[in-house]
Amino acid sequence: MGNGENSVPQTISSSNPKAAAQAASDMRNIVRRKLTGYVGFANLPNQWHRKSVRKGFNFNVMVVGESGLGKSTLVNTLFNTSLYPPKERKPPSLDISKTVSIQSISADIEENGVRLRLTVVDTPGFGDFINNDESWEPIVKNIEQRFDAYLDAENKVNRMNIVDNRIHAVVYFIQPTGHSLKPLDVEVMRKLHTKVNLIPVIAKADTLTDEEINVFKQRILADINHHRIQIFEGPRYELDDEETIAENNEIMSKVPFAVVGANTEVATADGRKVRGRAYPWGVIEVDNEEHCDFVKLRQMLIRTHMEELKENTNNFLYENYRSDKLTAMGVQQDSSVFKEVNPAVKQEEERSLHEAKLQKMELEMKMVFQQKVQEKESKLRQSEEELYARHREMKEQLERQRQELEEKKTRVEQGRPLEEKGKRKGFSLR
Ligand SMILES: Nc1nc2c(ncn2[C@@H]2O[C@H](COP(=O)(O)OP(=O)(O)OP(=O)(O)O)[C@@H](O)[C@H]2O)c(=O)[nH]1
Ligand SMILES: [Mg+2]
């Protein structure tokens, strides 16, 4: 692309986000990026106002971690500050204040006519109290309450309009110490890993060098392994095409993502305006994959692994929660209950049941019909026989009458009296 010196806003269109991102960082004066086949939060302002969007689906992410690690900043970076209503928009230089309660921010993304409601739940950081024993309690409670609400909705008669407010992924912020996981992190992650898909990230990655980040990543993974913490691992089946598999592997290889959040635009040495953090030695660009893993994290959440995260939440995490809860309530579990959870399987079951019922009904109707036909046939046969008999009888009667008449005729011709009754042989009136 050789139009770098052009100063009017430019648009990049590409189905390859990596190439596009690369091109974007190469070009000057980029105001707007338009990437086809790619949902990015950068596109949100246009989509935000689109009114006639079909009823879509939800995707809910939660950010968790110690206080001051940049959770709120990253949420803002994800959503792009221009998304906030103007009156709520903060002056660019003002830092976000400490989060004190669980709050969520949502945005509607639309692609190919399908609407996605993305919600990010921001939580107050913990770790700055003297007693941290139960500082994560409200977070776990919040996650469980969302499961409970879903369970309630599932048990209602009308299951069509269930809104899925369950947390599909937790982005867990780890302090960029460069050493290892803190006991508090291990404790909190172990509280969470059975309930949510954990995605660990290294916070404020701009404070570490590339080398430090690589070493720290390995240490974190080793710690996670050692403490048997289950983090989200990505698809286990490999039915996708090679390109997709390679892309997914590339993204998963960056875990724990080294992220940098920034709400302000800074000028780079070569005169570009980018979202990033300025240092005396240079600028760390948030949207540059060479500088940090923010783009990879965003891609994973809203593009490459969203379905997997949702499925894992529904089929394993929520399912475990549900069966534990029911067992605790003394409800006997049977395998069919689990089967019922999958709507496709349930539908298939209902369909085959319905079909069997229909078949039985059809058979019954056939039998009744045959019986009726038989009855009718025998009746018809009977009345036919009756008719024949009657016909024969009448014919015989007619024949008799004819014979009688014949006889009378011969008598008349022979001059004999018609009535034979009064005739007395041997007497004569003369
Ligand atoms: N160097 C650096 N500073 C950051 C980064 N992200 C946020 N900060 C700064 O860190 C401070 C705390 O950021 P917040 O976003 O409020 O942190 P938080 O995790 O939401 O904190 P709590 O709400 O208290 O849990 C702010 O001064 C931010 O400007 C980052 O990626 N790098
Ligand atoms: Mg905060």
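**Helix 4, the core and the ligand shell**

Helix 4 runs over residues 137-155, 19 residues in total, and spans 27 Å from first C-alpha to last, close to the 27 Å expected at 1.5 Å a residue (the expected span being 1.5 Å times one less than the number of residues; helices are DSSP runs of H or I with at least four residues, strands runs of E with at least two, numbered from the N terminus). This is a predicted model, where local features need pLDDT of at least 70 and side-chain atom pairs count only at pLDDT 80 or more, while totals for chains, interfaces and linings use all residues. Residues are numbered from 1 along each chain as its sequence is written, with chains lettered from A and ligands numbered from 1 in the order in which they are written.

Ile-139, Ile-143, Arg-146, Phe-147 and Tyr-150 of helix 4 are buried (20 or more other C-beta atoms within 10 Å of a residue's own, against 12 or fewer for exposed, with C-beta atoms placed from the backbone). They sit on the same side of helix 4 because they cover an arc of only 95° around the axis, taken from the directions from the helix axis to the C-beta atoms. The other side has Glu-137, Lys-141, Gln-145, Asp-152 and Asn-155 exposed. As for partners, the buried residues of helix 4 pack against strand 1 (57-65) and helix 9 (306-328).

Setting aside neighbours within four places in sequence, Tyr-172 is in contact with Val-64, Gly-65, Met-189, Leu-198, Ile-199, Pro-200 and Val-201 (C-beta atoms, placed from the backbone, within 7 Å).

Around ligand 1 there are 19 residues, with Gly-70, Lys-71, Ser-72, Thr-99 and Gly-125 the closest (C-beta atom, placed from the backbone, within 6 Å of the molecule). Helix 3 (residues 71-79) gives the largest share of this shell, three residues.

Methods
Contact = placed C-beta atoms within 7 Å.
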